[in-house]
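Welcome, and thanks for opening the viewer. Let us take a short walk together, one selection at a time.

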Amino acid sequence: MSETASQNGTQSGAPRSRRLIVLVPLILFAGLTALFLVRLNAGDPSLIPSALIGHRVPQTSLPPIAGLKRDGATVPGLDPASFQGAVSVVNVWASWCVPCHDEAPLLMQLSQDRRLRVVGINYKDDPDNARRYLGRYGNPFAASGVDQNGRAAIEWGVYGVPETFVIGRDASIVYKLIGPITPENFQSILVPQIDKALAAGS
C-alpha cells in the first residue's frame, strides 16, 4: 500500500471515530430520556411494590420523642415486639414534611379505630418541632420512635417522607403506601388494606 493511500485511510478513519464520540452520548441520553418518560407515565408511584411485603417488620428499636405525652402518659418509642398480635399502621413522618401536614387529620381519624394501633417513625426531626407539630394537629401515635440518622428508614425501605405501612397480626408487612395519605387513597386503598389485615386470622 502506498504512503498516500495509508494517509487517506487514516484521515477517513478520524472523522468516523469523531462521529462515534458525539453519537454515543446522544444515544445514551435518548435512552435515559425514554426510560424516564416510561416511568413517569407508568401510573401512581404509590403502587411501586416493596421488597419487604410479606416479611416481618425490621427488628429496629427506636427511642421515644423526648417529652411527648398522649392522654397524660409518656408515648413510647418503637419496639418491634409490640407489633406481634395487633394490626398496626406505621407512618413515617416529620414536622418539616409538607405533605405530612396534609395527611395529619386522616391519621387522627385512623387512630380512633380501636381495632388497630397507629405507630410513628419520626424521621430526622427536631424533638421540639415534632412535639409542636403533634400539638397542632393532634397525636395519633400510640408509639413513635425517633429515627435521627435515617438508619431505620433505610431498613424499612423508605423512599421518602411520608410513607405508610400496614402491619398484620403476625408482625409482617402486608402493604406499603408511598407518598401522602389523601382523602382519595384513604378510602379506596388504605382502609381496604387495613380491613383485609384485620380480617386475616381473626
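Is Asp 125 buried or exposed, and how far away is the nearest side chain of opposite charge? Keep in mind as you look that this is a predicted model.

**Stop 1: Asp 125**

Select Asp 125, in the loop between β4 and α3. Asp 125 is buried, yet has no salt bridge. The nearest side chain of opposite charge belongs to Arg 132, 8.6 Å away; a salt bridge would need a side-chain nitrogen within 4 Å of a carboxyl oxygen.

What does the side chain of Asp 125 reach instead? Show Ser 95: its backbone nitrogen lies 2.7 Å from the side chain of Asp 125. Then add Asn 122, whose side chain makes a polar contact with that of Asp 125 at 3.0 Å. To see the wider surroundings, leave aside the neighbours within four places in sequence and display the contacts of Asp 125, among them Trp 93, Trp 96, Ala 130 and Gln 148.

**Stop 2: helix α3**

Next, select residues 127-137, which form helix α3. Begin at the N-terminal end, where Asp 126 acts as a cap: one of its side-chain oxygens is 3.1 Å from the backbone nitrogen of Asp 128.

Now colour Ala 130, Tyr 133 and Leu 134, which are buried. Turn the view to look down the axis of α3: the buried residues fall within an arc of 90 degrees, so they line one face of the helix. Helix geometry helps here: an α-helix has 3.6 residues a turn, so residues three or four places apart point the same way.

What covers the buried residues of α3? Show β3 (87-93), α2 (98-111) and β4 (116-123), which are included in that cover. Then rotate to the face turned away from the buried side, where you will find the exposed residues Arg 132, Gly 135 and Arg 136. Follow the chain onward from α3 to Gly 138, which has a positive phi, near 100 degrees.

**Stop 3: the aromatic rings**

A search of the whole structure finds six aromatic pairs. For one of them, select Trp 93 and Phe 141: the pair is stacked, with 5.4 Å centre to centre and 20 degrees between the planes. The two residues come from distant parts of the chain, 48 residues apart, with Trp 93 in strand β3 and Phe 141 in the loop between α3 and β5 (143-147). Both Trp 93 and Phe 141 are buried.

Finally, add Tyr 133 and Tyr 137 to the selection: ring pairs link these two with Trp 93 and Phe 141 into a cluster.

Definitions and conventions
Residues are numbered from 1 along each chain as its sequence is written. This is a predicted model: local features need pLDDT of at least 70, side-chain atom pairs count only at pLDDT 80 or more; totals for chains, interfaces and linings use all residues. Side-chain values use heavy atoms; hydrogens and water are left out. Buried means under 20% relative accessible area, exposed over 50%, partly exposed in between (1.4 Å probe, protein chains only). Helices (H or I, at least four residues) and strands (E, at least two) are DSSP runs, numbered from the N terminus. The arc is that of the directions from the helix axis to the C-beta atoms. Contact means heavy atoms within 4.5 Å. A polar contact is a pair of N or O atoms within 3.5 Å; within protein, one must be able to donate a hydrogen and the other to accept it, and residues adjacent in sequence count only if both atoms are side-chain atoms. Lys and Arg count as positive and Asp and Glu as negative; His and the chain ends are not counted. Rings of Phe, Tyr and Trp (its six-membered ring) pair if their centres lie within 6.5 Å; planes under 30 degrees apart count as stacked, over 60 as edge-to-face and the rest as tilted.
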